[in-house]
Amino acid sequence: MIHRQKSLSKNIYNPKFIEEFFLRHLQTKSIHGDYDHIRKKNGRGGGGEEGRIHLLKIRGQHLLTNPRVLESIVQTSRIKPEDTVLEIGSGTGNLTLKLLEVAKKVVAVEIDKRMVEILCKRAAEGGLQDRLNVICSDALKTDFPQFDLVVANIPYGISSPLLAKLVFGTKLNPFRSATLLLQKEFARRLLAKPGDSEFNRLSVNVKLLAEVEFIMDVSKNDFLPRPKVDSSVVKVYPKNVIPDVNLEEWWAFTRTCFNKKNKTLGATFKQKRKLVELMKLSKAQGLYEDSTHGHIHNNYENGDEKGVSGEGDSDLTLASGVSMSLFREKIIDILESGGFANERPSKLSYNELVQILCLFNQSGIYFHDKTKPEDASDVSFAAYENLL
Ligand SMILES: C[S@@+](CC[C@H](N)C(=O)[O-])C[C@H]1O[C@@H](n2cnc3c(N)ncnc32)[C@H](O)[C@@H]1O
């Protein structure tokens, strides 16, 4: 148990006090031992003593202790007095207590019950517990209650699925903005523009549904224990109007395009494996008709596969050479009709990619099994892992 600090709530924003508090009460230890330097530096090693907790690297437990950074994050979030704020990974509550000063309510989701215990004590000491709803659970597996905005120093290990859950979940739970402290590299990818080296599938998938604004970089020294990576704060704004695309279809399409983001689309779509996959999918859904025969081929024969790149080793015998050549021509025609055959995904905006997807779909070529209905509430969070 953490010893109750009489003056804790009054001093929580005093950096010296915070440092002293943690050094006195927290034994920092990770399963990989990476936090040991802090104990050594401060001559406080003794493991297993009562009154100390172990900070776990595997849980991303780097506590933000610089009050100026905490203050900036709260200010930048533009919280209104009537707002309910969702905080993911509340830890010992350094940010939570700040949020409670300005928000009507804070919903704090934290996986570690020892952290929850400390947070609840600190909130109670400040008389703030009535406006705090703590959910001790894995944020990726929890249905969030309604909230107006998100403010969080999240565990970096779950950045991708968590962002996907927030951004793609806006249909279910619309929110104004998410102010997030992220690993700097991850933040750069979110902010990247077409042509930037960091621009990738994550960038384009997020840009489809949200705007991302850079707020500030945060030094490693502002955390306890000091992480190995740099951090940045970004603000994510879900768009009010989003392109009219089926999200499942979009995810499958961007997965294909960004698998080799610097390859031309013409080259990507010449790959045998890709052609067979798309052909099967389109035929299975009755969406693609072979124009030479006026009907859908189900009897695949072996045959010549002129002009088809030999990459991939899928069950190519399924597709007849003739049929596949025609399918390939059709795909290249579609790309050329929009002037995209020689374009590389890494240089295309999300608008251009939406345009290409529409051209494919209008011609009956689909990337996802369209017979399965889209239902945001049905998307399992395991699926979010693969979205960004
Ligand atoms: C970077 S720390 C931030 C702590 C605190 N917000 C701060 O700024 O000092 C991340 C916190 O997220 C928690 N966490 C890790 N994985 C989580 C998950 N899947 N769901 C909810 N919380 C998680 C950790 O236990 C840790 O307390």
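In the predicted model, 23 residues surround the ligand, and those that come nearest are Leu63, Gly89, Gly91, Ala139 and Asn153. Two or more residues of this shell are supplied by each of β3 (63-64), α5 (94-102) and β5 (105-110). By residue class, the shell consists of eleven nonpolar, eight polar and four charged residues.

An unreviewed UniProt entry lists His62, Leu64, Gly89, Glu110, Asp138 and Asn153 under "binding site". Two of these positions, His62 and Glu110, are described here in more detail. His62 lies in the loop between β2 (53-55) and β3. His62 is classed as buried because 24 other C-beta atoms lie within 10 Å, and the cut-off for this class is 20 or more. When residues up to four places away in sequence are not counted, His62 touches Phe223, Pro225 and Pro227.

Glu110 belongs to strand β5. With 27 other C-beta atoms within 10 Å, Glu110 is also buried. Apart from neighbours within four places in sequence, the contacts of Glu110 are Gly89, Ser90, Gly91, Met115, Val116, Leu119, Val134 and Cys136. Among these contacts, Gly89 is also listed by UniProt under "binding site".

At the level of the whole chain, the model is divided into domain 1 (59-238) and domain 2 (247-386). Contacts between the two involve 18 residues of domain 1 and 19 residues of domain 2. On the side of domain 1 that touches domain 2, two or more residues come from each of α7 (159-168) and α9 (201-209). The largest share, five residues, is given by α9. This side of domain 1 is made up of nine nonpolar, four polar and five charged residues.

Technical notes. Residues are numbered from 1 along each chain as its sequence is written. This is a predicted model: local features need pLDDT of at least 70, side-chain atom pairs count only at pLDDT 80 or more; totals for chains, interfaces and linings use all residues. Domain bounds come from an automatic or database domain assignment. Two residues are in contact if their C-beta atoms, placed from the backbone, lie within 7 Å. Helices (H or I, at least four residues) and strands (E, at least two) are DSSP runs, numbered from the N terminus. Ala, Val, Leu, Ile, Met, Phe, Trp, Tyr, Cys and Pro count as nonpolar, Asp, Glu, Lys and Arg as charged, and the others, Gly among them, as polar. A residue is near a molecule or strand if its C-beta atom, placed from the backbone, lies within 6 Å of it. UniProt positions are given in the numbering used here, feature names are shortened, and annotations may be inferred rather than shown by experiment. A residue is buried if 20 or more other C-beta atoms lie within 10 Å of its own, exposed if 12 or fewer, and partly exposed in between; C-beta atoms are placed from the backbone.
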